Amino acid sequence: MWLHRVLRDKEVTVLGIESTAHTIGVGIARNRPPYILANQYKRYTPVMGGIHPREASRFIAENAPSVISAALKEAGITMNDIDAIAVALGPGLGPCLRVGATVARALSAYYEKPLVPVNHAIAHIEIGNLLSGFEDPLVIYVSGGNTSIIAYKDGRYRVFGETLDIALGNLRDVFAREAGLAPPYISQGEHVVDLCALRSREKKLLELPYIVKGQDVSYSGLLTAALNALKQGAKLEDVCYSLVEISFSMILEVAERGLAHTRKKQVLLTGGVSASSILDKKTKLMAEARGASFYNVPRKYAGDNGAMIAWAGVLAYLNNIVMEPSEAVINQRWRPDEVEVPWRSQNGRSN
Ligand code: MG
């Protein structure tokens, strides 16, 4: 198992910083059980409207020091026990990423600890692998800012499908807001659009655009059409039901084709939208129909968090992926397929 290799290496402890969107997360991870020593975060919630990058970045700057202290306290260690500082340099919102990068550069320079760059999407995958014990899954990563089908092949995580415009989580949040369902988006642990869809008694599927182009999906036309249907007098419950059914079917269609193509035997569902029990059920059915095992990352580690950055930082640091603080520049559009993942390829696993 791939984890054995990580265990054979010298013991390292990494502090990871996440600030790609609305969350300032600080985690601490080690290549020894229990692996995750701390996972602290504070989440910015706008009073109204969507995430304003400037306000979110201010929130992150104001809260970073206390979240770092809380993480060290939770792990019961001090900065002296930390071997390296990992930071998510992208993809994400520029102003938010910049604050996390600045904090990481400062910690790295002041405490003289190596700085480890981490791709946010890859961190989502690796913490999922850690928690599930999966070796080589097809990953369905669905959140407010990302919608991708990802799988490992020949030294990198490859994208086997993605959204051409807005992310699945963004579709749900914007619809909820425009339809007057939010805030808050989450109620009783479920998204308000899902709760509304479950109230649709007739389960009436409206004719809304189902847009899959090759292996990619497009959600912006669906959003516009759903809002138009509402304006034209369709029942809110029916619009929600149709939106949920169509948007989930679209991403699962490309995921299923990705699974057939890559012949992976494991399906990992992660990102903020994985908290949807409707999506959980549908993805499980799809995976089972293909004879693949299924794991849905628990909410605490599926939404943006610092523990996943720390854990991906452990894997990267053990493979000597470090940079000078002066080189640690953010990349708002940093794709996972641009990143070498030697912790997998050196494993002799290049299927
Ligand atoms: Mg994310």
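**Exercise 1.** Is E190 buried or exposed, and what is its relative accessible area?

*Solution.* Keep in mind that you're looking at a predicted model. Start with the number: E190 has a relative accessible area of 14%. Buried means under 20%, so E190 counts as buried. Now look at its partner: E190 forms a salt bridge with R299, and the closest N and O atoms are 3.9 Å apart. The cut-off is within 4 Å, so this pair makes the list. The two residues sit 109 residues apart in the chain, with R299 in helix α10 and E190 in strand β10. R299 is partly exposed at 46%.

**Exercise 2.** Work out which parts of the chain the salt bridge between E340 and R156 links, and classify both residues.

*Solution.* First, check the contact: the side chains meet at 2.9 Å, N to O. Next, place them: E340 lies in the loop between α11 and α12, while R156 belongs to strand β8, 184 residues apart. Finally, exposure: E340 has a relative accessible area of 47%, and R156 has 22%. Partly exposed runs between 20% and 50%, so E340 is partly exposed and R156 is too.

**Exercise 3.** Describe the salt bridge between E126 and R344.

*Solution.* Step one: the N to O distance is 3.3 Å. Step two: E126 is in helix α4 and R344 in helix α12, 218 residues apart. Step three: both residues are buried.

**Exercise 4.** How many salt bridges does the whole structure hold, and which residues are linked in a network with R335?

*Solution.* The search finds 15 salt bridges. As for the network, R335 is linked with E162 and D337.

Methods
Residues are numbered from 1 along each chain as its sequence is written. This is a predicted model: local features need pLDDT of at least 70, side-chain atom pairs count only at pLDDT 80 or more; totals for chains, interfaces and linings use all residues. Side-chain values use heavy atoms; hydrogens and water are left out. Helices (H or I, at least four residues) and strands (E, at least two) are DSSP runs, numbered from the N terminus. Buried means under 20% relative accessible area, exposed over 50%, partly exposed in between (1.4 Å probe, protein chains only).
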